[in-house]
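Colleague: I should like to go through the terms used for this model and hear what supports each of them. Please set each value against its criterion.

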Amino acid sequence: MTIQTLRAATLGAALMVAGLPSLALGQVPMVKIGVLNDQSTVYADSQGIGSVIAAQFAVDDYAGKLGLKAEVVSADHQNKVDIGAAQARNWYEVQGVDMIIDVPNSAVALAVNILARDLNKVLIGSGAGTAELTGKSCTPNTIHWTYDAWELGHGFAKAVYARGGKRWFFISADYAFGKDLEGNASDEVVALGGQVMGAVRAPIGNADFSSYLLRAQSSGADTIAFANAGGDLSNALKQAAEFGLVGKFQMPGFVFSINNVQALGLQASQGVLAMMPFYWDQDDASRAFAKRFQERHPRKIMPNDMQAGVYAATVHYLKAVAALKSAGDGRAVVAKMKELPTSDPLYGEGRIRPDGRKVHPVRLYETKKPSESKGEWDYFKLITTIPADQAFRPLAEGGCPLVKG
């Protein structure tokens, strides 16, 4: 063989190897994860940098063990659909992001849901609330992890009705999430034999709830339900306390969390109910995660259920990618996520249904009185646990086209 022939053969072999997938070279699969949420307005504490920290913890804890390399990037959608959709498209099409996670603000989540489907990528909602992600808008590329409006709406309606809340007035966020939550709770209240006395819609980022509270106060309701979240929920409950409504009305805040108690204080929050699949003080694993999270968080706050959901969902996503040895086919990754049972230190054992709904037990908590709290962040006492098979909308009732029969 001549030198020229040897060089040609060597070059040809090199070109053939270069054209093979990276796994054929023994390289570690690379995964890129984008945390898309509100980092500057009303949901910044509820998700924000905390969700980014949670995703990074999942990568740190599991990627190497699973034989993967993973990178976490983040962006602020500012609660604007156009900004969120543009960022998601850029990530998916240009930046090589394989999976987008969190996405509080249901209108933004629904827009990203379509992009993930059309571009065959993955979306995992943790902060997103609309039950439409596993209903009529379900796709083979989306998983809904932590909570949804059906679970909270129906669960809270049952709990509050049992405590005497028969006549309801809603103060709801004026976008998909608030409307979805109000509708689900209203359906359950009426089914139980109660009445809906009225409702108002408040724009996101609203600072003054006085006119809404006055309408609720004069409506004849015994329950004022807040179908909003984050800073908006804290502002509404704070102003309700200033109006002297505490103790006169039942006032469920559907997405009430440790962040709201932190903003309001235990004195103003005592007796408020919360429904969560995760609380930082529930067991040794949650306490260990919370300590680590608090040390990393710039404001030294504890993780809530949505941030813990980002951790748990990212862990399961990485397991699915490792099983496939690739993140390239979003539908295949989601199918593998549904096939594999879920297991992680924070959410425990569980499963993902054909409609993309992650199911797990949900706990009903009550905010402690100041005299009951043992110290900072000791905010809730457990009332009851709702089993996984009862907590979420029945599979056949969502209208998801992926569900057969």
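Modeller: A residue is termed buried when its relative accessible area is under 20%, and exposed when that area is over 50%. The model is predicted. In helix α3, the residues that satisfy the buried criterion are G84, A85, A88, W91 and Y92.

Colleague: How do you know that the buried residues of α3 line one face of the helix?

Modeller: Viewed down the axis of α3, the buried residues fall within an arc of 125°, and therefore they line one face. The face turned away from that buried side carries D82 and V94, which are exposed.

Colleague: Which elements do the buried residues of α3 pack against?

Modeller: The partners are the strands β1 (30-37), β2 (69-76), β3 (99-102) and β4 (122-125), together with helix α4 (106-118). Contact here requires heavy atoms within 4.5 Å.

Colleague: What makes the span of α3 close to the expected one?

Modeller: Helix α3 covers residues 81-95, which is 15 residues, and reaches 20 Å from its first C-alpha to its last. The expectation at 1.5 Å a residue is 21 Å, and the span is close to that value. Just after the helix, G96 takes a positive phi of about 75°.

Colleague: Why are β1 and β3 called paired strands?

Modeller: Pairing requires at least two bridges between the strands. Strands β1 and β3 are joined by four bridges and run parallel, so the requirement of at least two is met. Within this pairing, I33 has M99 of β3 as its bridge partner.

Colleague: In which sense do β3 and β4 pair?

Modeller: They pair in the parallel sense, over four bridges. M99 stands opposite V122 in β4, and M99 is also the bridge partner of I33.

Colleague: What makes strand β8 mostly covered?

Modeller: Strand β8 comprises residues 223-227, and five of its five residues are buried. T223, A225 and A227 point one way from the strand, while I224 and F226 point the other way, and all are buried. Strand β6 (residues 167-173) is joined to β8 by five bridges, and the two run parallel. One of the bridge partners in β8 is I224, which is matched with F169.

Colleague: Why is the aromatic pair of Y279 and W280 called edge-to-face?

Modeller: A pair of aromatic rings is described by the distance of the centres and the angle of the planes. Ring centres must lie within 6.5 Å, and planes over 60 degrees apart count as edge-to-face. For Y279 and W280 the centres are 6.0 Å apart and the planes stand at 65°, so the pair is edge-to-face under these cut-offs.

Colleague: How do you know whether Y279 and W280 are buried or exposed?

Modeller: The relative accessibility of Y279 is 4%, so Y279 counts as buried. For W280 the relative accessible area is 11%, and W280 is therefore buried as well.

Colleague: What makes the pair of Y365 and F380 tilted?

Modeller: The centres of Y365 and F380 are 6.0 Å apart and their planes stand at 50°. Planes under 30 degrees apart count as stacked and those over 60 as edge-to-face, so an angle between these limits is tilted. Y365 belongs to strand β13 (residues 362-367) and F380 to strand β14 (residues 380-386), so the pair ties together parts that are 15 residues apart in sequence. Y365 is buried at a relative accessible area of 3%, and F380 is buried at 4%. Ring pairs link F256, Y279, W280, Y365 and F380 into a cluster.

Colleague: Why is the charged end of R292 said to sit over the ring of F57?

Modeller: The distance criterion is within 6 Å of the ring centre, and the charge must also be within 35 degrees of the ring normal. The charged end of R292 sits over the ring of F57 at 3.9 Å from its centre. K358 lies over the face of W145, at 4.9 Å from the ring centre. Both distances satisfy the limit of 6 Å.

Colleague: Why is H144 called buried?

Modeller: H144, in strand β5 (residues 142-144), has 0% relative accessibility and so counts as buried. Leaving aside neighbours within four places in sequence, the contacts of H144 include L133, T134, R357 and K358.

Notes: Residues numbered from 1 in each chain as written. Predicted model: local features only at pLDDT ≥ 70, side-chain atom pairs only at ≥ 80, totals over all residues. Heavy atoms only, no water. Expected span 1.5 Å × (residues − 1). Buried < 20%, exposed > 50% of the residue type's maximum accessible area, 1.4 Å probe, protein only. Arc of directions from axis to C-beta.
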